[in-house]
Amino acid sequence: MPKTGIFIAAVVAALAVAGAATAKPSDTVIQGAGSTFVAPLVAQWVSPLGSAYGYSLQYSGIGSGGGVSAVTARTVDFGASDAPLTADQFSACKGCVQIPWALSATAVLYNLPGVKNLLHMDGPTLAKIFMGQITSWNDPAIKKLNKGVALPDTKIAIAHRSDNSGTTYNFTDYLSAVSPAWKSQLGKGVAVNWPVGTGGRGSSGVAAIVSQTPGAIGYADVAYSLANHLKFFAMKNRAGKFATPGLKGILGAASSDVKPDPKTNELSIVNPPTKFKLAYPISTYTYVIVPTSSPKAAELRKFLFWAVTKGQSYGPKLLFQPIPRPVLVVAEKTITKIKG
Amino acid sequence: MALHGITRADMAAVNLPRRKAVNRLMEGLTWLAAIVGVALLVIIVWSVARRAWGALNLDLFTKDQVLFAIGPVHQGLRNAFVGSLVLVGLATAMALPVGILIAIYLTEYARPWIRSSVSLVLDVLNGIPAIVVAIFVFGLFVVGHGQSGYAGAFALACLMLPLVARSVMEVLLLVPSSLREASLGLGVPRWRTVLAIVLPQAMGGIITGAVLAIARIAGETAPLLFTSSIVGTQISWDASHALQSIPVAIFELSESPDPADHSRAWAGAFVLLMFILLLSLSARWLAARSRRRISTSR
Amino acid sequence: MSAADFSTDVSAAPLGGRRIRLGDLLLQLVAGLAALASVVLVGLIVWKVIAGAWPSIDTFGLSFVWHIAWNPVLGHELYGAGSFLFGTAITSLLALALAAPLAIGIALYLTELSPRFLRGPVTALVETLAAIPSVVMGLWGILVLGPLLHDHVEPALHSALGFIPLFGEPSPSGSSIFTAVIVLAIMILPIVASITRELFLGVPRELREGALAMGTTRWEMIQGVVFPYARGGIAAALILGLGRAIGEAIAVTQVIGGGVFIHWSLFSTGDTLASKIAASYQGATTKIQVASLIYLGLILLVFSLLMNVAAQWIVRRVARRQGVGTNRGGLG
């Protein structure tokens with residue numbers, strides 16, 4: 001009966017696909033997940049890693065929080081987070097190390113057709129905007145910072161992260177440092193109780209909302225503003241200068257802390273002191289979280305050594321500043337702790 | 001004739017012009033509803049087709065995704081198409097045999113109370129939201145082991161199972177009992193009757209049911225969201241690691257700021273839609289054919 | 001009389017005595033195991049969801065269900081389902097309110113008004129609407145419907161009806177509860193329409209023609225005969241449509257904007273139980289946050305099951321009353 005034939009053929013085909021699916025590839029797969037902040041840089045590493053060692057790097061930007069959870073649950077080989085692990089997260093991760101492997105900045109993006117790029121902004125005003133207290137682009141506070149610029153009376157549409165994000169941690173860390181009101185009402189974290197705004201998933205989601213909504217303001221890794229031709233602010237640092245999130249600004253901020261914490265390797269370079277005149281105040285390191293005992297220890301060591309040395313050369317065109325030497329030394333020492 | 005003592009003449013006398021007007025209004029609204037219903041479908045499919053047009057090229061099927069491409073790069077959705085093929089194939093391989101066995105048990109062996117209880121359980125399974133199935137499979141297979149194509153396929157299979165079981169059951173019940181009687185009366189053992197006589201007779205309906213179930217899960221995103229979403233961009237047939245799929249790819253691309261990503265999302269959506277429509281139409285055609293066969297063979 | 005009833009009859013016949021064949025035993029065993037596996041699967045799902053939610057149930061108790069809070073800041077963690085329950089209720093009920101008249105209208109059209117040659121094609125077209133995957137509906141919602149509503153519909157509604165709190169300030173982007181309602185309405189329309197259509201087809205011809213012969217207009221006949229007869233079934237169809245709407249995670253999370261607080265304006269952002277899980281589960285950090293998200297899933301599961309059971313019960317009651325056997329395991 002021909003119909004039974006078709007049926008059997010279909011089942012056989014399904015089983016054949018299933019069989020092919022169980023065939024092992026020749027590449028070693030290294031799976032990681034987490035920060036969307038570092039995702040553009042990691043994406044550049046996939047192909048050279050494949051050529052250098054034959055590794056197939058699979059990375060998914062699910063947010064720093066997701067990366068920490070995933071590596072804790074050992075559903076991935078490594079996690080990536082811009083927010084440093086807390087003591088609780090370290091103990092939950094059971095023998096994980098935290099290694100700073102990239103350095104960049106969070107740009108504050110805006111969409112104002114007809115208005116120039118690099119408008120001036122300062123911390124307290126930014127906090128008021130994101131708390132919903134300043135609602136219009138031609139508010140006096142914004143006009144004061146940008147004398148001579150014609151600002152429209154468009155409503156400010158806020159875009160923030162809906163997922164647990166290290167970029168949110170960096171942004172709210174900065175806002176808590178410059179605004180006592182923000183610190184007491186909202187605080188800093190991978191997610192906060194945003195009083196207003198639309199939530200986007202991942203840095204792409206925020207960039208998407210900003211690029212599609214005239215009058216929008218949002219925050220994302222500066223690499224996303226480049227890729228999508230979005231405008232961003234020059235932020236007033238403690239020295240009173242309006243700094244941009246370029247390599248100079250990031251390096252200026254990084255100079256303020258080159259000693260990773262001896263226990264956790266974390267570094268804080270947000271809102272650096274006055275003497276760092278060129279510093280962009282919302283810069284941050286981003287970390288890779290790896291279990292010290294992993295079935296892929298040898299591959300991970302090779303991958304991470306490559307990432308913190310050769311991998312850094314892929315950074316500058318995406319506005320990732322290569323990590324400074326003192327930090328590199330600590331990073332390499334920590335990588336050797338990954339055994340099998 | 002009269003109803004409750006009211007004659008036709010009485011009815012006609014009562015306010016006929018107004019009643020006729022109300023009737024015309026309602027008929028108009030009903031026509032409007034139908035037009036809106038059809039228009040919605042046409043608008044959506046047309047939207048997808050129009051926006052997919054620019055990105056429907058050979059690259060879509062021959063090149064893999066490239067994330068965060070700097071400058072214009074030739075890319076496509078090949079890794080997602082392949083991944084979807086593997087996931088749907090595995091899910092079908094998992095759900096189809098089990099579904100058929102359940103249907104056989106319920107129609108040939110089960111006592112009435114068992115049949116109604118298991119049917120109820122299958123209906124419950126059918127009503128569980130896909131996102132809850134995703135949480136379940138995540139907790140069962142992904143925690144501690146990592147995502148994999150198998151976990152994703154299993155989640156899809158959980159959604160397929162009640163559809164397959166129910167449709168095969170309906171078809172088996174349509175097979176005339178006289179056929180079973182005759183076979184058993186000739187001394188053919190029950191198991192052979194079921195497998196060699198009843199099942200082939202129901203084959204058209206079984207295929208229809210399977211095709212419809214495949215059409216249903218081919219576009220499912222939620223079950224794959226936590227089980228097979230941390231993927232690389234290279235083409236892969238290996239289900240022991242997570243595989244990219246078209247629905248998840250569309251989901252991710254839809255939230256991107258890049259218009260080129262949107263075009264690819266539309267293209268993927270168009271291909272997915274055409275695939276599902278093709279399956280549904282084939283199922284409909286197969287069903288009509290087997291209905292004609294059964295009615296002529298009676 | 002099922003096929004199973006033949007076993008005792010026939011095997012007692014010609015070959016004499018009941019011979020237990022290995023093949024029969026095997027098939028019955030394997031098939032029975034498959035059936036058992038499906039029961040075990042459902043039990044496992046329910047158990048795992050409750051077990052996963054337990055840390056949150058233990059910490060927050062039953063009041064989690066209506067408590068309006070979702071504060072993930074470490075040190076101040078507090079979770080509650082209130083705003084998502086509200087979001088689910090408002091999006092699903094409004095979607096049903098939009099879809100139901102349309103669906104009933106389409107069903108009436110297909111059973112009463114349409115010319116015979118149009119019946120097949122229109123039915124097929126409406127059912128094809130159901131075949132559109134949720135992620136494609138969400139894509140269309142983000143890139144086509146959202147901007148359309150944002151640019152044209154919301155300002156118009158706000159200026160015309162802005163005194164009603166429902167129609168507050170237009171949303172800053174195209175993502176809002178309003179967009180989610182429209183998308184959901186389109187998604188549940190075909191289900192309600194196709195079930196209702198089958199119900200209307202089941203209304204006995206004598207009843208309909210009798211009323212028409214009495215001189216009633218077609219609409220009066222529909223009001224007087226079709227609706228009362230199909231009333232129970234329509235209720236079941238509506239409940240099934242509602243069940244579909246509350247479980248929809250993907251399309252809703254793409255267009256609803258991820259808001260945490262309750263606003264009365266339809267144009268504000270929000271979140272539903274299902275869409276919150278889809279958005280936040282993978283990135284959940286602490287154990288209590290994961291458990292709270294699973295708790296949301298548990299609430300969703302309970303509601304879906306209740307609706308499923310309610311719809312089935314109505315169907316059975318209606319079938320019994322009408323004396324019609326439904327050999328389908330369920331509707332739709």
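**Entry 1: chains B and C**

I began with the contact of chain C and chain B, where the buried area is about 7,800 Å². Carbon and sulfur atoms give 78% of that area. The model is a predicted one, and I keep that in mind for every entry below.

I then listed the residues in contact: 83 from chain C and 91 from chain B. Which residues of chain C lose the most area to chain B? I found C:Leu27, C:Leu139 and C:Met214, which together make up 8% of what the chain C side buries.

Next I looked for salt bridges across the interface of chain C and chain B, and the rule finds two. I looked up a side-chain salt bridge between B:Arg284 and C:Glu127, with 3.4 Å from N to O.

**Entry 2: chains A and C**

I turned to the contact of chain A with chain C. About 1,700 Å² is buried between these two chains, and 53% of it is on carbon and sulfur atoms. Chain A brings 24 residues to the contact and chain C brings 20 residues.

I asked which three residues of chain A supply more of its buried area against chain C than any other three. They are A:Asn164, A:Asn193 and A:Thr198, with 27% of the area on the chain A side. I also looked for salt bridges between chain A and chain C, and noted a count of zero.

**Entry 3: aromatic rings**

I describe a pair of aromatic rings by the distance of the centres and the angle of the planes. Over all chains I get 37 aromatic pairs.

I looked up the pair of A:Phe130 and A:Phe171, which is edge-to-face, with 4.9 Å centre to centre and 70 degrees between the planes. This pair links distant parts of the chain: A:Phe130 belongs to helix 5 (residues 123–130) of chain A and A:Phe171 to helix 7 (residues 166–178) of chain A, 41 residues apart. Are the two rings' residues buried or exposed? A:Phe130 has 0% relative accessibility and therefore counts as buried. A:Phe171 also counts as buried, because its relative accessibility is 0%.

I then took the pair of B:Trp31 and C:Tyr109, again edge-to-face, at 4.8 Å centre to centre and 70 degrees between the planes. B:Trp31 sits in helix 2 (residues 16–52) of chain B and C:Tyr109 in helix 3 (residues 82–113) of chain C, so this pair joins two chains. I checked accessibility here too. B:Trp31 counts as partly exposed, at 36% relative accessibility, whereas C:Tyr109 is buried, with a relative accessible area of 2%.

In chain A I noted one aromatic cluster formed by A:Trp45, A:Tyr59, A:Phe78, A:Trp101, A:Phe303, A:Trp306 and A:Tyr314. In chain B I found B:Arg190 over the face of B:Tyr109, 5.6 Å from the ring centre.

**Entry 4: a sheet in chain A**

Last, I traced a sheet in chain A. Three strands make up this open sheet, in the order 5-10-11, and the pairing is mixed. Why is one side of strand 5 and of strand 11 left without a neighbour in the sheet? Strand 5 (120–121) and strand 11 (242–243) of chain A stand at the edges and each has a single partner strand, so one side of each has no neighbour there.

I followed strand 5 to its partner. Strand 5 and strand 10 (residues 234–236) of chain A pair in the parallel sense, over two bridges. For A:Met121 I noted A:Met235 as the bridge partner in strand 10 of chain A.

Methods. Residues are numbered from 1 along each chain as its sequence is written. Chains are lettered from A and ligands numbered from 1 in the order in which they are written. This is a predicted model: local features need pLDDT of at least 70, side-chain atom pairs count only at pLDDT 80 or more; totals for chains, interfaces and linings use all residues. Side-chain values use heavy atoms; hydrogens and water are left out. Two strands pair if DSSP finds at least two bridges between them. Helices (H or I, at least four residues) and strands (E, at least two) are DSSP runs, numbered from the N terminus. Rings of Phe, Tyr and Trp (its six-membered ring) pair if their centres lie within 6.5 Å; planes under 30 degrees apart count as stacked, over 60 as edge-to-face and the rest as tilted. Buried means under 20% relative accessible area, exposed over 50%, partly exposed in between (1.4 Å probe, protein chains only). A charge sits over a ring if NZ of Lys or CZ of Arg is within 6 Å of the ring centre and within 35 degrees of the ring normal. Contact means heavy atoms within 4.5 Å. Buried area is the accessible area (1.4 Å probe) that two parts lose on being put together, summed over both. A salt bridge is a side-chain nitrogen of Lys or Arg within 4 Å of a carboxyl oxygen of Asp or Glu.
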